[in-house]
Amino acid sequence: MSGVPDVPYLVLIRVLTPGGPYSEGQILSLAFSDPTIGRACSHGAPSDAHQAELRIAGLVPESISVAIVSPAGAYKSDDILTLSFVNPALVRIHPPPTRETFAIPVPPRGLAATELRGVVVRSRWSGEAARRFVAVIDKLFTVDRLGWYRHSLAMRMLLPDELVLPDPDIGMEAGRQLASLRSAATEALGGPLLAALVPQFAIDSSWLESIETPTLAKALAGVRESVAPHITVELGTLGEPDSPDMLVGTIRFAEYQAARNEGADAFIPLLIPQRSTHEVLSQRLREYRSALLELFGQTARTSTSVRLKQMTIPNHVLDDRLWNLAGALQDAFDDRTVA
């Protein structure tokens with residue numbers, strides 16, 4: 001019948017990474033006719049989104065990751081979506097990669113699907129490491145001209161100490177590749193940071209080459225190759241921090257598929273841990289990691305000239321989340337002695 005609008009689809013979603021008024025584990029309703037845009041409504045606290053809408057009033061965008069609980073339309077159970085928004089009730093929907101573009105991994109022989117951990121990352125921090133991180137972040141924030149590249153440098157200090165894979169033998173090789181990546185990232189941090197602190201500093205091709213070295217690219221390729229067969233759809237035991245000094249995270253399937261062929265800035269955030277025994281630190285890690293994946297993922301395939309122009313301008317979403325993370329790390333490890 002002409003003139004009658006399409007009946008929208010309605011799905012239930014579970015929040016995986018928090019943002020705006022939405023918290024981890026919260027169940028939302030998502031209504032859409034166009035699968036790329038929809039309206040979100042929270043369950044259990046109907047005024048939250050409305051209050052946040054009044055507070056935000058069109059400032060900076062937020063993004064969250066969600067899992068489909070009750071499917072409809074283009075989306076199936078367990079699809080992982082990214083929602084971005086300024087008004088938390090009206091969201092842009094970023095769908096997962098099409099299923100035809102990759103093969104679903106087969107669980108390793110002898111390991112039940114419910115036991116799969118995918119790839120787990122682990123880091124052990126100390127008071128000294130946290131103070132060192134905060135000191136470097138303070139220096140990075142003194143140079144406005146760094147723009148997005150402030151985060152190209154900062155994310156490398158959050159690389160994990162360890163990759164845990166279902167196959168211990170492959171895990172050892174992945175560990176060697178990760179050690180190479182950490183070493184290359186450290187080498188590609190000191191010189192560029194010192195150069196950025198020099199008066200009249202400006203980002204140019206030679207400076208970019210100093211942070212994106214062939215050694216770093218080779219080490220990153222080694223890590224990709226090691227973890228690729230173990231990025232699984234079903235994640236059972238995700239791994240949790242076993243002490244206040246430990247940070248733990250999991251590389252999720254949809255995240256990996258989106259970043260697997262991209263450059264260092266779009267891939268390294270996958271390796272950042274997301275969980276701590278400190279609740280606020282966990283939240284800040286998830287927020288910063290999610291923003292890095294979303295925003296660097298968006299710029300990964302733009303031309304060099306466009307990327308250079310855009311990324312020399314400060315990104316206030318990333319800056320705010322990095323500043324909050326530095327504060328959370330400092331608070332979490334303030335009274336700790338060197339491990």
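**Exercise 1. Is Ser 23 buried, partly exposed or exposed?**

Let's work it through on this predicted model.

- Step 1: find the residue. Ser 23 sits in the loop that links strand S1 (9–17) and strand S2 (27–32).
- Step 2: look up the relative accessibility, which is 39% for Ser 23.
- Step 3: compare with the cut-offs. Buried means under 20% and exposed means over 50%, with partly exposed in between. At 39%, Ser 23 therefore counts as partly exposed.
- Step 4: check the company it keeps. Setting aside neighbours within four places in sequence, Ser 23 touches Val 15 and Pro 18.
- Step 5: look further along the chain. Gln 283 is 260 residues away from Ser 23 in sequence, yet their C-alpha atoms are separated by 9.3 Å.

**Exercise 2. Work out how the sheet containing strand S7 is put together.**

- Step 1: get the strand order. This is an open sheet of three strands, ordered S8-S7-S9, and the pairing is antiparallel.
- Step 2: spot the edges. Strand S8 (162–164) and S9 are the edge strands, each pairing on one side only.
- Step 3: add the twist, which averages 25° from one strand to the next.
- Step 4: count bridges on each side of S7. Six bridges tie S7 (residues 119–124) to S9, and three join S7 to S8.
- Step 5: pin down the register with Val 121. Its bridge partner in S9 is Gly 249, while in S8 its partner is Leu 163. For another marker, Arg 124 has Met 246 as its bridge partner in S9.

As a reminder, strands of a sheet pair through backbone hydrogen bonds, either parallel or antiparallel.

**Exercise 3. Decide whether edge strand S9 is enclosed or open to solvent.**

- Step 1: sort the side chains by direction. Met 246, Val 248 and Thr 250 point one way from S9, and Leu 247, Gly 249 and Ile 251 point the other way.
- Step 2: check burial on both faces. Every one of these residues is buried.
- Step 3: conclude. Six of the six residues of S9 (residues 246–251) are buried, so the strand is largely enclosed by the rest of the structure.

**Exercise 4. Check the lengths of helices H9 and H11, then see how they are covered.**

- Step 1: take H9 (residues 279–299). It has 21 residues and reaches 31 Å from first C-alpha to last, close to the 30 Å expected at 1.5 Å a residue.
- Step 2: do the same for H11 (residues 316–333). Its 18 residues should span 26 Å, and the end C-alpha atoms are 26 Å apart, which agrees.
- Step 3: ask about burial in H9. Since 15 of its 21 residues are buried, H9 is largely enclosed by the rest of the structure.
- Step 4: list some buried positions in H11. They include Leu 318, Leu 322, Leu 325, Leu 329 and Phe 333.
- Step 5: explain the spacing. An α-helix has 3.6 residues a turn, so residues three or four places apart point the same way.
- Step 6: find the cover. The buried residues of H11 are covered by elements including S4, helix H2 (127–140), helix H3 (149–154) and H9.

**Exercise 5. Map the nonpolar cores.**

- Step 1: start with the general rule. In soluble globular proteins, nonpolar side chains tend to be buried together.
- Step 2: take the largest nonpolar core, which has 69 residues. Trp 125, Leu 163, Leu 181, Trp 207 and Leu 281 have the most contacts inside it.
- Step 3: name the top contributor. H11 gives the most to this core, with nine residues.
- Step 4: look for a separate one. Apart from the largest core lies another, of 18 residues, among them Phe 32, Ala 40, Ile 68 and Leu 81.
- Step 5: zoom in on Trp 207. Beyond its neighbours within four places in sequence, its contacts include Leu 146, Tyr 149, Pro 192 and Phe 201.

**Exercise 6. Trace the pairing of strand S4.**

- Step 1: take the S1 side. Five bridges join S1 to S4 (residues 62–70), running antiparallel. Here Leu 12 has Ser 70 as its partner in S4.
- Step 2: take the S5 side. S4 pairs with strand S5 (residues 80–85) over six bridges, also antiparallel. Here Glu 62 has Phe 85 as its partner in S5.

Notes:
Residues numbered from 1 in each chain as written. Predicted model: local features only at pLDDT ≥ 70, side-chain atom pairs only at ≥ 80, totals over all residues. Heavy atoms only, no water. Helix = DSSP H or I, 4+ residues; strand = E, 2+ residues; numbered from the N terminus. Expected span 1.5 Å × (residues − 1). Buried < 20%, exposed > 50% of the residue type's maximum accessible area, 1.4 Å probe, protein only. Pairing = 2+ DSSP bridges. Axes fitted to C-alpha atoms, helices over the stretch in contact; angles between N-to-C directions. Contact = heavy atoms within 4.5 Å. Core = buried A, V, L, I, M, F, W, Y, C linked by side-chain atoms within 4.5 Å.
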